Amino acid sequence: MIVTRASLVLLASLLSVPALAEGAAPALELQPGAAHPGDLVMVTVRGWAPCPSATLGERPLRFYEIPGGCRALVGLTVEQQAGPLEVRLRAPGDAGEDLVLGTLEVLPPNFNVRELRVARKFIKPSPAQVRQRRADQRAFEKAWAQPFIPPLFTADFVVPIDSEVTAPFGDLRTFNGKKQSQHYGMDLDGRIGDPIRAANDGVVVMVRKNFASGNTVLLHHGAHLFTAYFHMSKMLVKPGQKVKQGERIGLVGKTGRVTGPHLHFGCKVDGLWVDPASLLAMKFGAPAMLVVEPASVQRPK
Ligand SMILES: [Zn+2]
(Lines give C-alpha, C1' and ligand atoms only; values in the text may rest on other atoms or scores of the structure.)
Protein backbone atom coordinates (compact mmCIF):
# COMPACT_ATOMS: atom_id res chain seq x y z
CA MET A 1 0.00 0.00 0.00
CA ILE A 2 1.28 3.44 -0.91
CA VAL A 3 0.91 6.02 1.82
CA THR A 4 0.39 9.61 0.78
CA ARG A 5 1.66 12.57 2.71
CA ALA A 6 -1.88 13.44 3.85
CA SER A 7 -2.47 9.95 5.17
CA LEU A 8 0.94 9.98 6.83
CA VAL A 9 0.01 13.18 8.66
CA LEU A 10 -3.32 11.60 9.65
CA LEU A 11 -1.56 8.42 10.70
CA ALA A 12 0.99 10.42 12.63
CA SER A 13 -1.73 12.24 14.53
CA LEU A 14 -3.66 9.01 15.19
CA LEU A 15 -0.61 7.21 16.49
CA SER A 16 0.82 10.31 18.10
CA VAL A 17 4.13 9.65 16.38
CA PRO A 18 6.27 12.63 15.41
CA ALA A 19 4.37 14.68 12.85
CA LEU A 20 5.57 15.90 9.49
CA ALA A 21 6.91 19.42 9.62
CA GLU A 22 4.58 21.91 7.95
CA GLY A 23 5.16 22.21 4.22
CA ALA A 24 7.86 19.54 4.13
CA ALA A 25 7.70 16.23 2.32
CA PRO A 26 9.10 13.28 4.26
CA ALA A 27 12.11 11.73 2.63
CA LEU A 28 14.62 9.15 3.66
CA GLU A 29 18.19 9.60 2.53
CA LEU A 30 20.76 6.85 2.87
CA GLN A 31 24.48 7.18 2.41
CA PRO A 32 25.80 5.03 0.91
CA GLY A 33 22.80 3.71 -1.01
CA ALA A 34 24.29 0.21 -0.87
CA ALA A 35 26.71 -0.80 1.88
CA HIS A 36 28.96 -3.69 2.82
CA PRO A 37 28.99 -5.42 6.21
CA GLY A 38 31.18 -3.37 8.56
CA ASP A 39 30.35 -0.06 6.86
CA LEU A 40 29.27 3.20 8.43
CA VAL A 41 25.81 4.30 7.24
CA MET A 42 24.25 7.74 7.46
CA VAL A 43 20.45 7.84 7.76
CA THR A 44 18.75 11.18 7.21
CA VAL A 45 15.01 11.69 7.59
CA ARG A 46 13.80 15.02 6.30
CA GLY A 47 10.44 16.54 7.09
CA TRP A 48 9.92 14.94 10.50
CA ALA A 49 9.92 16.89 13.73
CA PRO A 50 10.80 16.12 16.40
CA CYS A 51 13.12 13.25 15.55
CA PRO A 52 11.32 9.90 15.40
CA SER A 53 12.29 6.66 17.02
CA ALA A 54 13.59 4.40 14.27
CA THR A 55 15.68 1.33 13.48
CA LEU A 56 17.94 0.10 10.70
CA GLY A 57 17.41 -3.64 10.73
CA GLU A 58 17.70 -4.54 14.40
CA ARG A 59 19.77 -1.52 15.38
CA PRO A 60 18.08 1.48 16.96
CA LEU A 61 18.98 4.80 15.35
CA ARG A 62 20.17 7.67 17.51
CA PHE A 63 19.08 10.83 15.77
CA TYR A 64 20.40 14.33 16.13
CA GLU A 65 18.70 17.32 14.59
CA ILE A 66 19.92 18.93 11.40
CA PRO A 67 18.21 21.83 9.58
CA GLY A 68 14.93 20.43 8.25
CA GLY A 69 15.33 16.93 9.58
CA CYS A 70 17.08 14.30 11.64
CA ARG A 71 20.24 12.34 11.06
CA ALA A 72 21.76 9.21 12.59
CA LEU A 73 25.11 7.49 12.13
CA VAL A 74 24.96 3.74 12.48
CA GLY A 75 27.18 0.78 11.70
CA LEU A 76 26.54 -2.54 10.01
CA THR A 77 28.04 -5.49 11.88
CA VAL A 78 30.71 -7.50 10.05
CA GLU A 79 28.30 -10.47 10.26
CA GLN A 80 25.43 -8.58 8.56
CA GLN A 81 23.75 -10.77 5.92
CA ALA A 82 23.48 -9.43 2.36
CA GLY A 83 20.05 -8.29 1.22
CA PRO A 84 17.64 -5.47 1.92
CA LEU A 85 17.67 -3.95 5.40
CA GLU A 86 14.65 -1.88 6.42
CA VAL A 87 14.62 1.55 7.98
CA ARG A 88 11.56 1.48 10.21
CA LEU A 89 9.89 4.29 12.01
CA ARG A 90 8.80 3.04 15.40
CA ALA A 91 5.26 3.84 16.36
CA PRO A 92 5.08 4.28 20.11
CA GLY A 93 2.41 2.57 22.21
CA ASP A 94 0.75 -0.77 21.57
CA ALA A 95 -1.71 0.65 19.01
CA GLY A 96 1.06 1.61 16.64
CA GLU A 97 2.47 -0.21 13.68
CA ASP A 98 5.97 0.48 12.40
CA LEU A 99 6.35 2.38 9.16
CA VAL A 100 8.91 1.16 6.66
CA LEU A 101 10.58 4.31 5.39
CA GLY A 102 12.83 2.54 2.92
CA THR A 103 15.50 -0.11 2.58
CA LEU A 104 19.27 -0.16 2.51
CA GLU A 105 20.81 -2.65 0.11
CA VAL A 106 23.45 -4.71 1.93
CA LEU A 107 26.06 -6.15 -0.43
CA PRO A 108 28.01 -9.35 0.25
CA PRO A 109 31.13 -8.91 2.40
CA ASN A 110 34.41 -8.29 0.59
CA PHE A 111 36.86 -9.08 3.39
CA ASN A 112 40.15 -10.78 2.64
CA VAL A 113 40.03 -14.26 4.17
CA ARG A 114 43.18 -16.13 5.12
CA GLU A 115 42.82 -19.74 6.19
CA LEU A 116 45.44 -20.60 8.81
CA ARG A 117 47.10 -23.99 8.42
CA VAL A 118 47.48 -24.45 12.15
CA ALA A 119 45.31 -23.14 14.94
CA ARG A 120 46.70 -20.05 16.56
CA LYS A 121 48.56 -21.10 19.65
CA PHE A 122 47.09 -19.97 22.91
CA ILE A 123 49.87 -18.31 24.83
CA LYS A 124 48.99 -18.07 28.48
CA PRO A 125 49.32 -14.45 29.54
CA SER A 126 51.06 -13.68 32.79
CA PRO A 127 48.91 -12.53 35.76
CA ALA A 128 50.33 -9.03 35.31
CA GLN A 129 49.27 -9.04 31.64
CA VAL A 130 45.79 -10.25 32.58
CA ARG A 131 45.51 -7.39 35.08
CA GLN A 132 46.70 -4.84 32.54
CA ARG A 133 44.29 -6.09 29.85
CA ARG A 134 41.38 -5.80 32.31
CA ALA A 135 42.43 -2.29 33.27
CA ASP A 136 42.76 -1.39 29.56
CA GLN A 137 39.29 -2.74 28.89
CA ARG A 138 37.82 -0.67 31.71
CA ALA A 139 39.59 2.43 30.39
CA PHE A 140 38.14 1.82 26.90
CA GLU A 141 34.63 1.31 28.33
CA LYS A 142 34.95 4.59 30.18
CA ALA A 143 36.16 6.39 27.05
CA TRP A 144 33.26 5.07 24.93
CA ALA A 145 30.69 6.08 27.57
CA GLN A 146 30.39 9.67 26.36
CA PRO A 147 27.13 11.59 26.50
CA PHE A 148 25.29 11.66 23.18
CA ILE A 149 25.93 15.11 21.72
CA PRO A 150 25.50 16.54 18.21
CA PRO A 151 28.56 16.32 15.92
CA LEU A 152 31.52 18.52 16.83
CA PHE A 153 32.61 18.64 13.18
CA THR A 154 31.28 20.03 9.92
CA ALA A 155 33.89 18.94 7.37
CA ASP A 156 34.32 15.45 5.92
CA PHE A 157 36.91 13.22 7.61
CA VAL A 158 40.50 13.08 6.36
CA VAL A 159 43.10 10.34 6.55
CA PRO A 160 45.44 10.84 9.56
CA ILE A 161 48.59 10.04 7.56
CA ASP A 162 48.72 10.31 3.81
CA SER A 163 50.29 6.92 3.19
CA GLU A 164 49.62 3.45 1.89
CA VAL A 165 47.03 1.15 3.47
CA THR A 166 48.98 -1.97 4.43
CA ALA A 167 46.02 -3.88 5.92
CA PRO A 168 42.40 -2.92 5.29
CA PHE A 169 39.50 -3.27 7.70
CA GLY A 170 37.96 -6.71 8.01
CA ASP A 171 40.91 -8.98 7.15
CA LEU A 172 39.70 -12.31 8.44
CA ARG A 173 41.77 -15.20 9.76
CA THR A 174 40.04 -18.56 9.84
CA PHE A 175 40.96 -22.08 10.91
CA ASN A 176 38.78 -24.96 9.67
CA GLY A 177 36.41 -22.30 8.34
CA LYS A 178 35.99 -20.81 11.81
CA LYS A 179 36.83 -17.18 12.53
CA GLN A 180 40.00 -16.82 14.60
CA SER A 181 40.41 -13.07 14.39
CA GLN A 182 39.35 -10.07 12.38
CA HIS A 183 41.06 -6.73 11.79
CA TYR A 184 38.87 -3.91 13.16
CA GLY A 185 40.79 -1.00 11.71
CA MET A 186 42.90 0.20 8.80
CA ASP A 187 46.69 -0.03 8.98
CA LEU A 188 48.54 2.88 7.46
CA ASP A 189 52.22 2.69 6.66
CA GLY A 190 54.55 5.05 8.45
CA ARG A 191 58.02 5.55 9.91
CA ILE A 192 58.64 6.10 13.59
CA GLY A 193 58.14 9.80 14.31
CA ASP A 194 55.85 10.57 11.35
CA PRO A 195 53.11 12.98 12.48
CA ILE A 196 49.58 11.62 12.99
CA ARG A 197 46.81 14.15 12.47
CA ALA A 198 43.28 14.30 13.85
CA ALA A 199 40.85 12.99 11.22
CA ASN A 200 38.36 15.64 12.26
CA ASP A 201 37.41 18.10 15.02
CA GLY A 202 36.70 16.41 18.32
CA VAL A 203 37.59 15.92 21.96
CA VAL A 204 40.34 13.65 23.30
CA VAL A 205 38.75 10.90 25.43
CA MET A 206 41.78 8.60 25.88
CA VAL A 207 45.53 9.10 26.10
CA ARG A 208 46.83 5.81 27.42
CA LYS A 209 49.53 3.18 27.15
CA ASN A 210 47.65 -0.09 26.57
CA PHE A 211 48.95 -3.65 26.40
CA ALA A 212 47.73 -4.53 22.89
CA SER A 213 47.11 -1.16 21.21
CA GLY A 214 50.17 0.49 22.73
CA ASN A 215 50.14 4.27 23.07
CA THR A 216 46.54 5.05 22.18
CA VAL A 217 44.61 8.22 21.49
CA LEU A 218 40.82 8.18 21.12
CA LEU A 219 38.82 11.14 19.82
CA HIS A 220 35.07 11.64 20.23
CA HIS A 221 33.57 13.60 17.35
CA GLY A 222 30.04 13.75 18.80
CA ALA A 223 27.08 11.51 17.84
CA HIS A 224 28.91 8.54 19.43
CA LEU A 225 31.37 8.58 16.55
CA PHE A 226 34.99 7.96 17.60
CA THR A 227 38.32 7.63 15.84
CA ALA A 228 41.17 5.57 17.31
CA TYR A 229 44.93 5.88 16.79
CA PHE A 230 47.06 2.95 18.02
CA HIS A 231 50.75 2.08 18.48
CA MET A 232 52.04 5.68 18.69
CA SER A 233 55.64 6.37 19.72
CA LYS A 234 54.53 9.64 21.27
CA MET A 235 51.14 11.04 22.27
CA LEU A 236 50.89 14.82 21.92
CA VAL A 237 47.47 15.54 23.44
CA LYS A 238 45.82 15.54 26.87
CA PRO A 239 42.50 13.99 27.93
CA GLY A 240 39.65 16.47 27.53
CA GLN A 241 41.58 18.55 25.02
CA LYS A 242 39.63 19.88 22.02
CA VAL A 243 41.38 19.21 18.74
CA LYS A 244 40.89 20.54 15.23
CA GLN A 245 41.06 18.53 12.05
CA GLY A 246 44.67 18.17 10.88
CA GLU A 247 46.14 18.93 14.31
CA ARG A 248 49.10 16.77 15.32
CA ILE A 249 47.94 14.36 18.02
CA GLY A 250 50.89 11.97 18.08
CA LEU A 251 53.75 10.31 16.23
CA VAL A 252 53.90 6.95 14.48
CA GLY A 253 55.42 4.15 16.54
CA LYS A 254 55.37 0.42 17.15
CA THR A 255 54.16 0.24 20.75
CA GLY A 256 51.85 -2.56 21.87
CA ARG A 257 51.52 -5.91 20.16
CA VAL A 258 52.91 -5.13 16.71
CA THR A 259 55.86 -6.21 14.64
CA GLY A 260 56.68 -2.95 12.89
CA PRO A 261 55.85 0.77 12.90
CA HIS A 262 52.46 1.76 11.46
CA LEU A 263 49.28 3.54 12.46
CA HIS A 264 46.26 1.41 13.20
CA PHE A 265 43.38 3.79 12.48
CA GLY A 266 40.00 2.77 13.84
CA CYS A 267 36.46 4.12 13.73
CA LYS A 268 33.75 3.25 16.22
CA VAL A 269 30.15 4.30 15.86
CA ASP A 270 27.41 3.55 18.37
CA GLY A 271 29.47 0.76 19.92
CA LEU A 272 30.58 -0.92 16.67
CA TRP A 273 33.96 -0.86 14.95
CA VAL A 274 33.34 0.10 11.33
CA ASP A 275 35.52 0.41 8.25
CA PRO A 276 37.45 3.70 8.40
CA ALA A 277 37.36 3.72 4.58
CA SER A 278 33.56 4.11 4.78
CA LEU A 279 34.04 7.02 7.21
CA LEU A 280 36.56 8.69 4.88
CA ALA A 281 34.16 8.28 1.92
CA MET A 282 31.17 9.79 3.77
CA LYS A 283 30.05 13.21 2.52
CA PHE A 284 28.56 15.03 5.47
CA GLY A 285 27.63 18.19 3.60
CA ALA A 286 26.64 16.81 0.21
CA PRO A 287 23.17 15.55 -0.71
CA ALA A 288 22.69 11.88 0.05
CA MET A 289 23.54 9.20 -2.48
CA LEU A 290 20.11 7.64 -2.39
CA VAL A 291 16.92 9.53 -1.83
CA VAL A 292 13.80 7.52 -1.18
CA GLU A 293 10.89 9.61 -2.40
CA PRO A 294 7.77 9.99 -0.25
CA ALA A 295 5.73 7.85 -2.67
CA SER A 296 7.79 4.81 -1.75
CA VAL A 297 7.01 5.09 1.95
CA GLN A 298 5.18 1.86 2.68
CA ARG A 299 3.38 0.25 5.52
CA PRO A 300 4.87 -3.04 6.69
CA LYS A 301 3.30 -6.12 5.11
ZN1 LIG B 1 45.75 -2.77 12.59
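## A three-stranded sheet, a shared core and some unusual backbone

Three strands build an open sheet in the order β17-β23-β21, and their pairing is antiparallel. β17 (195-197) and β21 (234-235) are the edge strands; each has a single partner, so one side of each is left without a neighbour in the sheet. This is a predicted model.

β17 and β23 (residues 248-251) run antiparallel and are joined by 3 bridges. One pairing to look up: Arg-197 has Arg-248 in β23 as its bridge partner.

**Overall make-up and confidence**

The protein has 3 helices and 26 strands. Of its 301 residues, 37% are buried. Take the contacts between residues at least 6 apart in sequence: 67% of them join residues at least 24 apart.

Average pLDDT is 86, and 83% of the residues score at least 70. Residues 1-24 have a pLDDT below 50; the model gives this stretch 44 contacts beyond near neighbours in sequence. Residues 293-301 also stay under 50, with 23 contacts beyond four places in sequence.

**The nonpolar core**

The largest nonpolar core holds 62 residues. Val-41, Val-43, Val-217 and Tyr-229 touch the most other members. Strand β20 supplies the largest share, 6 residues. Where does this core lie with respect to domain 1 and domain 2? Domain 1 (5-110 + 285-296) and domain 2 (113-270) both give residues to the core, so it lies between them. In soluble globular proteins, nonpolar side chains tend to be buried together.

Tyr-229 deserves a closer look. Leaving aside neighbours within four places in sequence, Tyr-229 is in contact with Pro-160, Ile-196, Thr-216, Val-217, Ile-249, Gly-250, Leu-263 and Phe-265. Val-217, in that list, is also among the core residues that touch the most other members. The contacts of Tyr-229 include Ile-196, Ile-249 and Gly-250. Ile-196 falls within β17 (195-197), while Ile-249 and Gly-250 fall within β23 (residues 248-251).

**Backbone exceptions**

Most residues other than glycine have a negative phi, and most peptide bonds are trans. Several places in this model depart from that pattern or carry a positive phi in a turn. The table gathers the positive phi values.

| Residue | Phi | Location |
|---|---|---|
| His-224 | about 55° | loop between β19 (214-220) and β20 (225-232) |
| His-231 | near 70° | strand β20 |
| Gly-68 | about 80° | turn of the β8 and β9 hairpin |

Are the two histidines, His-224 and His-231, buried or exposed? With the cut-off at 20 or more other C-beta atoms within 10 Å, His-224 is buried because it has 22. His-231 has 26 and is therefore buried too. His-231 lies in strand β20, the strand that gives the core its largest share.

The cis peptide bond runs from Gln-31 to Pro-32, with omega near -5°. Pro-32 is found in the loop between β2 (27-31) and β3 (34-35).

**The β8-β9 hairpin**

Strand β8 (residues 63-66) and strand β9 (residues 69-75) run antiparallel, joined by 4 bridges. Ile-66 stands opposite Gly-69 in β9. How many residues separate β8 and β9 in the hairpin? There are 2 residues between them, and Gly-68 in the turn has the positive phi listed above.

Note on methods: Residues are numbered from 1 along each chain as its sequence is written. Two strands pair if DSSP finds at least two bridges between them. pLDDT is the predictor's confidence in each residue, from 0 to 100. Two residues are in contact if their C-beta atoms, placed from the backbone, lie within 7 Å. A residue is buried if 20 or more other C-beta atoms lie within 10 Å of its own, exposed if 12 or fewer, and partly exposed in between; C-beta atoms are placed from the backbone. A nonpolar core is a set of buried Ala, Val, Leu, Ile, Met, Phe, Trp, Tyr and Cys residues joined through C-beta atoms within 7 Å. Domain bounds come from an automatic or database domain assignment.
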